[in-house]
Amino acid sequence: MNQDKPLVIPVFIPHSGCPHQCVFCNQTLITHQKNNLPDAAAIVSTIEEYLSYRGQRKWVELAFFGGNFLGLSPAMVTCFLDSVMPYIENKKIDGIRFSTRPDTIDSQNLDLIDPYPVSAVELGVQSMIDAVLTASNRGHTAKDTINAIDLLKKRGHKVGVQLMVGLPGDGEVSLLKSTQQIVDLNPDFARIYPLLVLSGSPLAVKYKKGDYTPLCLDQSIVLVKQMMAIFNRADIPVIRLGLQASDMMSDETQVLAGPWHPAFGHLVFSQMLYDAVIRQLETGQDILNSNHLFLRVHPCAESRLRGDKNENLERLSRLFPKIKFIIVKDNDLAITQVKVDKAKGQGKRI
Ligand code: SF4
């Protein structure tokens, strides 16, 4: 268990506080929870269950996910936050985070949460293009996101943004423009989700009528790769790519269509490392005269470099049949880096 990774205790509030159902959304399906709001006993039981897995983890957060937290009534917001406070006071939980819509961030709501140890606010931004937000029935604008991030930062909150790929009316140009706009607002971290057509969502109806075509897996990988490059250039961490794997995701009666893969993030990172190798091979002509080349990566990135079922290495061998590629583990590199070298150097050959 990675002790530096926080333990996140999720408390799902599916669709609670939502002004309506966004076109792609069916949180009841994603969270596997029929009741919209857990009661205090259910929250305590979730907390106790997760704390029993804490081990040596240094940081524990409770997260209200799956709904529009600040869209709940003020009484409900404080009731939820108060239910966590005994655990904060006895230092079993260090912070509280929640996801909420950008149009719920105003001075009044921020005053409401001020007395509580809110460690991050995650905004369901989805897109910064108003036409795409309208087509997705979001009911807020890009300006709401700009204002929300500004207000949250002024109050010293850590801000996360959740973005979607494959929204109705979106395309490559608008998606990348939207990504750059969000990066320019300098959030602290991001999550990126390819859109899946979920049963029970308004989009499922459009999809069945032929009014919406989802992205395929390859298209979504290509787009997310480009988004990642924009976030990486700005040094903004992307902490999640794709939805969590669950049995429901492979059930075709629940997930009707879309670029679902249980290891979506792994596929994107693999492709990024492959591209980085190709770029270095294309710019270093003398390197191509070698009969073997060393690919240096951080030990944790080895499987990403290899690709799904060694796909990346096989593609390289097909493209450069005269070169033998040898992976070398190098702790000095970041896990997003790969270096192509003619010499093995100090790293450990695999
Ligand atoms: S996307 Fe967010 S705001 Fe929209 S229905 Fe789902 S939980 Fe509610």
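Here are some questions and answers about this predicted model.

Me: How many helices and strands does the chain have?
Reply: Let's start with the overall make-up. The chain is split into domain 1 (7–262) and domain 2 (280–349). Counting along the chain gives 12 helices and 13 strands.

Me: What radius of gyration does the chain have, and what would a compact globule have?
Reply: Along its principal axes, the C-alpha trace spans about 70 × 50 × 40 Å. A compact globule with 350 residues would have a radius of gyration near 20 Å, and the chain agrees with that, at 22 Å.

Me: How far apart do the C-alpha centres of domain 1 and domain 2 lie?
Reply: Domain 1 covers 7–262, while domain 2 covers 280–349. Take the C-alpha centre of each one, and the gap between the two centres comes to 36 Å.

Me: Where does the largest nonpolar core lie relative to domain 1 and domain 2?
Reply: This core has 82 residues, and Val11, Leu62, Val165, Val224, Val268 and Leu295 touch the most other members. Helix 10 (residues 264–283) gives the largest share, seven residues. Domain 1 (7–262) and domain 2 (280–349) both give residues to the core, so its place is between them.

Me: Which residues is Val224 in contact with, leaving aside its neighbours within four places in sequence?
Reply: Val224 is one of the core residues that touch the most other members. In general, nonpolar side chains in soluble globular proteins tend to be buried together. Leaving out neighbours within four places in sequence, the contacts of Val224 are Val165, Ile192, Pro194, Leu241 and Val268.

Me: Which residues surround the ligand, and how many of them are nonpolar, polar and charged?
Reply: The shell is made of His15, Cys18, Gln21, Cys22, Cys25, Gln27, Gly67, Asn68, Arg101 and Gly124. Sorted by class, that's three nonpolar, six polar and one charged.

Me: Is His15 buried or exposed?
Reply: His15 is one of the residues around the ligand, and its place is in the loop between strand 1 (7–12) and helix 1 (27–31). Its phi is near 65°, a positive value in a residue other than glycine. There are 21 other C-beta atoms within 10 Å of His15, and the cut-off is 20 or more, so His15 is buried.

Me: What is the phi of Gln126?
Reply: Gln126 is found in strand 4 (residues 118–126). With 27 C-beta neighbours inside 10 Å, Gln126 counts as buried. Gln126 is not a glycine, yet its phi is positive, at about 65°.

Me: How far apart in space are Gln180 and Ile230, C-alpha to C-alpha?
Reply: Gln180 lies in helix 7 (residues 172–184). Gln180 is partly exposed, because 15 other C-beta atoms lie within 10 Å, between the cut-offs of 12 and 20. In sequence, Gln180 and Ile230 are 50 residues apart, but in space the C-alpha to C-alpha distance is 6.6 Å.

Me: Does Ala41 count as buried or exposed?
Reply: Look for Ala41 in helix 2 (residues 40–51). Ala41 and Ser83 are 42 residues apart in sequence and 9.3 Å apart in space, C-alpha to C-alpha. Ala41 has 9 C-beta neighbours inside 10 Å, and 12 or fewer is the cut-off, so Ala41 counts as exposed.

Me: What percentage of the residues of the chain count as buried?
Reply: We've now met buried residues such as His15 and an exposed one, Ala41. Taking the 350 residues of the chain together, the buried share is 38%.

How values were computed. Residues numbered from 1 in each chain as written. Predicted model: local features only at pLDDT ≥ 70, side-chain atom pairs only at ≥ 80, totals over all residues. Near = placed C-beta within 6 Å. Nonpolar A, V, L, I, M, F, W, Y, C, P; charged D, E, K, R; others polar. Core = buried A, V, L, I, M, F, W, Y, C linked by C-beta atoms within 7 Å. Helix = DSSP H or I, 4+ residues; strand = E, 2+ residues; numbered from the N terminus. Domains from an automatic or database assignment. Contact = placed C-beta atoms within 7 Å. Rg over C-alpha atoms; globule rule 2.2 N^0.38 Å.
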